[in-house]
Amino acid sequence: MTNARVDADRLPPDVRLLAPWYADQRPDDLAAHVRRHGPLPEAGAEELAELVDDAGLRGRGGSGFPTAVKLRAVAARRPRRLGSRRAVVVANGCEGEPASGKDAALLHCAPHLVLDGIAIAATGLGASEAILCVHEGSPGLEPLRRHASARHDPVPVRIETVPARYVASEESALVQYLNGGPPVPTTAPPRPAERGVGGAPTLVDNVETLAHLALIARHGPTWFRALGTPDLPGTLLVTIGGALRRPGVVEIAAGTPIGDVLDLACGPTEPVHAVLSGGYGGAWLGLHDPATLRTPLTHEALRAAGSVLGVPTLLALPARACGLAQTAHLLRYLAGESAGQCGPCRFGLPAVADDVAAIVHGTPEARRAHGRLARRLDLVAGRGACAHPDGAARLARSALRVFAQDLKQHLAGQPCRAAAGAPVFPMREPSIPHLPAQRARPGTGARSR
Ligand SMILES: Cc1cc2nc3c(=O)[nH]c(=O)nc-3n(C[C@H](O)[C@H](O)[C@H](O)COP(=O)(O)O)c2cc1C
Ligand code: SF4
């Protein structure tokens, strides 16, 4: 394997994926990309798996699953006899989370890095097909098609569009859709690694994961581990939004404290009282607790703080907005986005959304709704075919904890004036700019307190 370090040493220390954008404010074409990063090495599946294992690469699609384990699972099922199906590689660039813009930003700013990741995985696995999935109507579709057609990869990348629904980009939904079915999750098993697209063992990876793979293959695990934490090495693309001066997508070393990440947006536009981490299926963190801003962005640290890294997003909630009312809006949205095929989503999520709405309005029903909510949340979490209801339950639980003072008021029949407020975060179309925020020096913005 060649070890083309090329320009990596020249990049700002915590910018790797978005380097072309920060350098020139435009994506590299193929020639510029090869000049910047060097040629893509070749590696067999086991060599690749060893590299990402040593690098400690974890999936960037939300769960943080070790990439090496998935690669090996697909490699183990490759054909050993004539007539069995060759592997398929699916790059998940759908970004179903409306609050997140990181995958769109990556595909816009560094498309060839993602295409490199798909190419090296497909070649290493001896795949018959490589598919890059993006949402229908994605504004980046045409440029992406042009970038893909400029390449001469051994396994050409096909670009597929998928309905822009929250659950359509869950991996089993994606596979079912590519197989001609509806874009809704299927009950596992078999997982895509066992039987996926066309019945073949299928590697489904997030586009950011694949872009990291392309850099690890060039520069090696030690280079990758130079940033981040031992448990979550490398950089993360994080969408920062809400009441911030410069919302957008930033690349940070994993483990950077929340306060330093928010500082990259040059401070809040108005007083802020909470942050939603991990997207709409994530969890609130209160800024009344000074520990919140010191919490490192890793799966483990956020879990210990009662939240989740998930799809890395940090949304600042303005103090004028009612956290419970905003949670009710988000729960209603999540209930409407479910595939409606499992009990917890079909009956549980609308009922949970109704209970939180009743609490928000402080009606006599509020106390009864509060009484049954905990039981309902227990019935919803962990009971669906996919993790969609778990995210909604996590969001609701965190709201009851973080906005406990407001909850008391609402239960006493004295809801705040903000209870009738409209949603402050985007519900359908992402309103957060997809392009990376201009890089600001950490510490230049006022903290979001
Ligand atoms: C409801 C739901 C929606 C999801 N949407 C996405 C998505 O838009 N993009 C994505 O990469 N992963 C999404 N995932 C995670 C995928 O199922 C899958 O784990 C991921 O694409 C694997 O990539 P990774 O290992 O690189 O993280 C979603 C999961 C759930 C439960
Ligand atoms: S849990 Fe909900 S979103 Fe997931 S498959 Fe079942 S109905 Fe669909």
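Which helices each supply at least two residues of the shell around ligand 2? The points below address this and related features.

1. Status of the model. The structure under review is a predicted model, and the remarks that follow should be read with that in mind.

2. Overall fold. The protein's secondary structure amounts to 17 helices and 9 strands. Its radius of gyration is 22 Å, close to the 22 Å given by the globule rule for 449 residues, so the protein is as compact as a globular protein of that length. Along the principal axes, the C-alpha atoms fill a box of roughly 65 × 50 × 35 Å.

3. Packing and contact order. Buried residues make up 57% of the 449 in the protein. When contacts between residues at least 6 apart in sequence are considered, 75% of them join residues at least 24 apart.

4. Domain organisation. The domain assignment divides the protein into domain 1 (6-225), domain 2 (235-318) and domain 3 (323-420). Between the C-alpha centres of domain 1 and domain 3 the distance is 35 Å. Their contact draws 8 residues from domain 1 and 7 residues from domain 3. On the side of domain 1 that touches domain 3, the residues fall into 4 nonpolar, 2 polar and 2 charged.

5. Surroundings of ligand 1. There are 22 residues around ligand 1, of which Gly59, Gly61, Ser169, Asn206 and Thr209 come nearest. Strand E4 (residues 202-206) provides the largest share of this shell, namely 3 residues. By class, the shell around ligand 1 comprises 7 nonpolar, 10 polar and 5 charged residues. Ligand 1 lies between domain 1 (6-225) and domain 3 (323-420), because both give residues to its shell.

6. Surroundings of ligand 2. The opening question is answered by helix H14 (343-361) and helix H16 (388-402), each of which supplies at least two residues of the shell around ligand 2. Of the 15 residues around ligand 2, the nearest are Ala339, Cys342, Cys345, Gly384 and Cys386. The shell around ligand 2 consists of 10 nonpolar and 5 polar residues, with no charged ones.

7. Placement of ligand 2. Which domains give residues to the shell around ligand 2? Domain 1 (6-225) and domain 3 (323-420) both do, so ligand 2 lies between them.

8. Reading the two sites together. For ligand 1, the shell includes 5 charged residues, whereas the shell around ligand 2 has no charged residues. Domain 1 and domain 3 both give residues to the shell around ligand 1, and both also contribute to the shell around ligand 2.

How values were computed
Residues are numbered from 1 along each chain as its sequence is written. Chains are lettered from A and ligands numbered from 1 in the order in which they are written. This is a predicted model: local features need pLDDT of at least 70, side-chain atom pairs count only at pLDDT 80 or more; totals for chains, interfaces and linings use all residues. Helices (H or I, at least four residues) and strands (E, at least two) are DSSP runs, numbered from the N terminus. The radius of gyration is taken over C-alpha atoms; the globule rule is 2.2 Å times the number of residues to the power 0.38. A residue is buried if 20 or more other C-beta atoms lie within 10 Å of its own, exposed if 12 or fewer, and partly exposed in between; C-beta atoms are placed from the backbone. Two residues are in contact if their C-beta atoms, placed from the backbone, lie within 7 Å. A residue is near a molecule or strand if its C-beta atom, placed from the backbone, lies within 6 Å of it. Ala, Val, Leu, Ile, Met, Phe, Trp, Tyr, Cys and Pro count as nonpolar, Asp, Glu, Lys and Arg as charged, and the others, Gly among them, as polar. Domain bounds come from an automatic or database domain assignment.
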